[in-house]
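Reader: Please set out how the descriptive terms for this model are justified.

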There are 2 protein chains.
Amino acid sequence: MAESAFEHLRARLADVVDIRGAEYLLKWDQSTYMPPGGAPARARQRALLSQLAHERLVDPEVGRLLERAEREVADEPPDGFEAAFVRVARRDFEREAAIPPAFTRAFGAHTAATYQTWTEARPADDVARMLPLLERTLDMSRTLAGFQGAAEHVADPLIARSDFGFTVAMLRPLFARLRATLVPLARRVQACEAPRDDFVRRTYALDEQFAFAAARVAEFGYDMRRGRLDPTHHPFAIEFSIDDVRITTRGRRDYLVEALACTFHESGHGMYHQGLDPRLEATLLADGTSAGVHESQSRMWENRIGRSRAFWSYAFGPLQDAFPDQLADVDAESFYRAMNVVRPGVIRTRADELTYDLHVIVRFELELELLEGTLAVADLSEAWHARYEEVVGVRADTDRDGVLQDVHWFAGPIGGAFQGYTLGNVLAAQFWDAAVGEHPEVPDDVARGRFDTLTRWTRERIHRHGRAIDPLALIEQVAGGPLDTGPYERYLRDKYEDLYPSAG
Amino acid sequence: MAESAFEHLRARLADVVDIRGAEYLLKWDQSTYMPPGGAPARARQRALLSQLAHERLVDPEVGRLLERAEREVADEPPDGFEAAFVRVARRDFEREAAIPPAFTRAFGAHTAATYQTWTEARPADDVARMLPLLERTLDMSRTLAGFQGAAEHVADPLIARSDFGFTVAMLRPLFARLRATLVPLARRVQACEAPRDDFVRRTYALDEQFAFAAARVAEFGYDMRRGRLDPTHHPFAIEFSIDDVRITTRGRRDYLVEALACTFHESGHGMYHQGLDPRLEATLLADGTSAGVHESQSRMWENRIGRSRAFWSYAFGPLQDAFPDQLADVDAESFYRAMNVVRPGVIRTRADELTYDLHVIVRFELELELLEGTLAVADLSEAWHARYEEVVGVRADTDRDGVLQDVHWFAGPIGGAFQGYTLGNVLAAQFWDAAVGEHPEVPDDVARGRFDTLTRWTRERIHRHGRAIDPLALIEQVAGGPLDTGPYERYLRDKYEDLYPSAG
């Protein structure tokens with residue numbers, strides 16, 4: 001197809017992907033090594049590259065090429081590269097082209113102002129200052145959703161931006177079921193005596209924490225020749241191509257858990273992108289198929305591996321070698337238990353595995369109520385505190401640790417940003433059961449520090465496809481059935497009833 | 001001038017500058033932190049951003065806006081911001097627009113292939129493999145020069161790309177005069193006994209070398225809040241905006257001089273860019289006015305300060321504090337002498353201050369002969385060795401350390417890349433004399449570790465103007481006269497006759 005519309009389209013979209021890759025490097029640098037003085041120019045440069053990528057994607061010529069390419073690939077197998085390429089290009093083109101440039105500019109300006117104000121209002125615990133801005137964000141979020149045409153629920157197009165195919169109608173019962181299981185389980189666990197974990201709060205040099213974590217994720221299969229690990233304030237994984245996928249982490253000298261959990265988590269995201277079929281390089285298919293599936297990979301390495309008894313029966317030796325003084329009086333089982341202490345708190349990003357989803361549930365419920373108009377922005381602060389008491393069982397003293405804690409609502413639309421976290425946990429459980437069903441040796445492998453069977457399986461079944469298989473189809477294909485909270489609920493119940501026998 | 005052509009032009013050219021800034025970040029990352037896997041995508045992304053910046057600069061609409069803006073600023077003072085902005089924009093537009101896109105693509109492809117081959121041929125010492133490629137580079141360099149219209153010498157347009165206003169007619173006598181002074185001076189010095197410098201070849205931890213150098217350049221006035229220092233293979237300074245100007249360095253554990261000289265050198269480039277008037281931000285004026293003037297700043301900090309007796313009378317104390325064991329038996333005067341050992345060698349980038357220009361002279365002469373056709377590419381290797389014996393007084397055993405040693409001819413046109421190095425040394429001497437003429441306290445300040453008078457003077461007279469004053473005008477204005485090798489010759493003679501009294 002040398003002179004085909006398909007190849008023309010491919011070359012044009014490669015530029016879109018490469019401009020985005022450049023913009024991502026600017027973001028990575030901003031979060032790692034940029035000196036403070038660089039901020040104003042960096043904001044300009046990132047906005048410019050984003051705009052250039054957007055303009056190239058929605059160029060009318062792309063629309064014309066798409067029509068011709070669709071005809072060209074009509075006889076190709078629908079599961080094949082060409083058909084997937086055109087299908088996803090059409091989807092992205094339509095979604096982006098539906099948003100008027102004037103709206104994009106206005107929303108960008110509003111978001112930048114909101115974010116800037118939030119960076120000042122949050123430390124000052126000044127929620128009143130944010131409410132008028134949030135009001136406008138909510139309006140604009142509804143407008144943004146509306147550009148995508150009719151939808152059953154106003155949040156559906158916002159959710160589809162990161163979790164294509166998912167709707168409020170599907171997610172609401174899922175979240176309700178999880179809530180019904182997790183809230184009482186967390187309460188029972190909370191009533192038990194917590195295992196000893198004083199030793200994770202001893203003093204651990206950050207460099208050595210990062211070195212230990214880096215050695216482990218390299219064992220998992222994260223390829224340091226096609227990536228690297230750097231410290232930052234808000235960890236993330238980011239990719240400039242399939243062969244340059246970087247992860248970031250953070251840690252605390254007085255809390256060993258954070259750097260471990262963060263690094264393992266981001267390595268899951270990183271391995272997803274490193275595992276893409278090289279054929280997807282510089283195409284729109286070169287990304288995770290959805291936020292939820294991406295999160296399934298990060299949560300698998302963070303929790304299913306990184307907080308498992310099997311893993312620590314292997315990894316505690318190396319950890320003790322790295323920190324012989326701090327861990328002299330500790331054994332693998334105690335360390336495993338310390339990694340899994342349940343201590344409900346008000347901060348999502350510091351939540352233990354069991355109560356993490358409760359934080360997401362609060363946000364998901366409040367988002368829908370805001371978008372539906374059943375909750376007024378003016379009442380959000382109080383609704384937040386009340387819902388936290390009801391769901392998580394704690395109440396923050398401040399709005400700083402309440403409605404102002406997460407950046408999401410202050411740096412983008414309201415709606416669509418949180419469901420992926422919990423979808424990831426649910427999917428991680430389904431995928432894990434599928435992997436272990438096929439390869440029953442995986443848990444024993446993990447206990448010997450061998451991860452290649454699992455890594456190969458996830459690469460073959462999930463990673464390599466990128467966006468070439470849509471999320472719902474991928475879930476069916478990998479898990480052998482639809483989205484289901486059952487495996488996740490069973491996993492949590494079994495794990496925590498073992499750790500806290502009196503919670504059974 | 002809210003709706004003026006000037007403001008439209010300014011907005012368009014700001015995008016050009018910001019795209020270049022993004023491309024420079026990609027380059028910086030490639031040279032510092034990029035994992036090996038990132039290379040192929042990085043090459044694509046950099047080429048794409050360069051092309052986008054070029055297309056935006058030569059857009060016909062820029063030509064139309066330029067004509068209107070020229071009329072708008074006709075009554076503005078010719079030294080003012082607006083007139084300079086339009087003058088330099090016109091110059092860059094004409095120069096870039098004169099080059100046919102097909103040539104740019106062909107030359108880019110040829111250069112990439114040549115560079116790639118050079119990375120293999122150099123270690124293999126295989127000059128024969130490079131000759132056909134160099135032959136084509138030479139042809140294309142002549143073609144590139146020809147696009148700029150008639151010129152007195154074929155190299156003039158190539159020189160003007162980095163040193164605007166300079167011509168072969170001006171530079172040839174200058175290089176001849178320097179050659180006539182430096183060759184015999186270097187021979188006399190070489191015949192003397194070298195001072196002791198064994199102690200700079202003891203073992204120095206790289207991190208501590210870099211920390212010491214970073215502390216010194218911060219004292220010079222290089223602003224770490226608007227920059228940073230990182231190790232790399234081939235050090236450079238690079239800027240993403242006036243407030244994000246980074247420097248890189250390298251060092252050897254067994255040779256203390258390298259990291260010091262490199263870091264001081266790059267800090268001079270960095271301070272030039274950090275010292276630009278903030279008003280020049282995101283304009284084509286936001287750069288050094290020429291390669292030679294840029295190099296005058298780097299060479300001033302590397303040599304006039306960094307290899308001076310005054311500086312080490314201050315800085316040797318902190319150096320000894322950083323390396324107490326290695327320098328226990330050394331004093332400031334001995335260290336100063338060790339920093340200035342003259343040892344003619346075959347590698348330009350390792351040359352001492354006295355013989356450095358001899359390396360540049362060889363390249364400058366050979367370049368002109370190649371472009372004029374009086375030297376055939378087939379004879380280049382032998383001509384190189386013969387000229388080195390004649391000028392530097394040494395002969396390399398290999399072509400790897402001969403014609404293949406520098407990247408310049410294998411990564412761009414032949415012509416225009418080397419004269420700036422020696423111009424920098426000449427100008428550094430003229431500017432130094434002017435600074436000390438106005439502020440006789442500067443040498444004493446340096447001996448007390450105070451650099452602010454000098455830094456303020458260079459910022460006020462040179463840095464802040466950026467490209468708003470053309471190089472020849474700036475030289476007249478700062479040095480109080482035209483380009484003149486006299487001060488540089490006197491400086492070298494005085495310095496080396498003091499260090500090596502029997503060479504007098």
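Author: Two strands pair if DSSP finds at least two bridges between them. Helices (H or I, at least four residues) and strands (E, at least two) are DSSP runs, numbered from the N terminus. On that footing, S2(A) and S3(A) form a hairpin with two residues between them. The model is predicted: local features need pLDDT of at least 70, side-chain atom pairs count only at pLDDT 80 or more, and totals for chains, interfaces and linings use all residues. Residues are numbered from 1 along each chain as its sequence is written, while chains are lettered from A and ligands numbered from 1 in the order in which they are written.

Reader: How do you know that S2(A) and S3(A) pair, and in which sense?

Author: Pairing requires at least two bridges, and S2(A) shares four bridges with strand S3 (residues 244–249) of chain A, in the antiparallel sense. Across these strands, A:Glu239 stands opposite A:Val245, and A:Ala237 has A:Ile247 as its bridge partner.

Reader: What makes the pairing of the sheet mixed, and which strands are its edges?

Author: The sheet is open, with three strands of chain A in the order S1-S3-S2. S1(A) and S3(A) pair in the parallel sense over three bridges, with A:Pro231 opposite A:Thr249, whereas S2(A) and S3(A) are antiparallel. The pairing is accordingly described as mixed. Strand S1 (229–231) and strand S2 (237–241) of chain A are the edges, as each pairs on one side only. From one strand to the next, the twist averages 25 degrees.

Reader: Why is S3(A) called largely enclosed?

Author: A residue is buried if 20 or more other C-beta atoms lie within 10 Å of its own, exposed if 12 or fewer, and partly exposed in between, with C-beta atoms placed from the backbone. Six of the six residues of S3(A) are buried, so the strand is largely enclosed by the rest of the structure. A:Asp244, A:Arg246 and A:Thr248 point one way from S3(A), and A:Val245, A:Ile247 and A:Thr249 the other way. In chain A as a whole, 45% of the 504 residues count as buried.

Reader: What makes chain A as compact as a globular protein of its length?

Author: The secondary structure of chain A comes to 20 helices and three strands. The radius of gyration is taken over C-alpha atoms, and the globule rule is 2.2 Å times the number of residues to the power 0.38. For chain A the radius is 23 Å, close to the 23 Å that the rule gives for 504 residues, so the chain is as compact as a globular protein of that length.

Reader: How do you know what relation holds between chain A and chain B?

Author: Copies are superposed by least squares on the C-alpha atoms of residues with pLDDT of at least 70 in both. A turn of 180 degrees and a shift of 0.1 Å along the axis lay chain A on chain B with an RMSD of 0.0 Å. That is the relation of a two-fold axis. A:Ala22 is the residue of chain A that comes closest to the rotation axis, at 3.7 Å (C-alpha).

Reader: Why are the copies said to meet through the same surface?

Author: Two residues are in contact if their C-beta atoms, placed from the backbone, lie within 7 Å. The contact takes 30 residues from chain A and 30 residues from chain B. H1(A) gives the largest share of the side of chain A that touches chain B, eight residues. Of the interface residues of chain A, 100% are also interface residues in chain B, so the copies meet through the same surface.

Terms used. Axes are lines fitted to C-alpha atoms, for helices over the stretch in contact, and angles run from 0 to 180 degrees between N-to-C directions.
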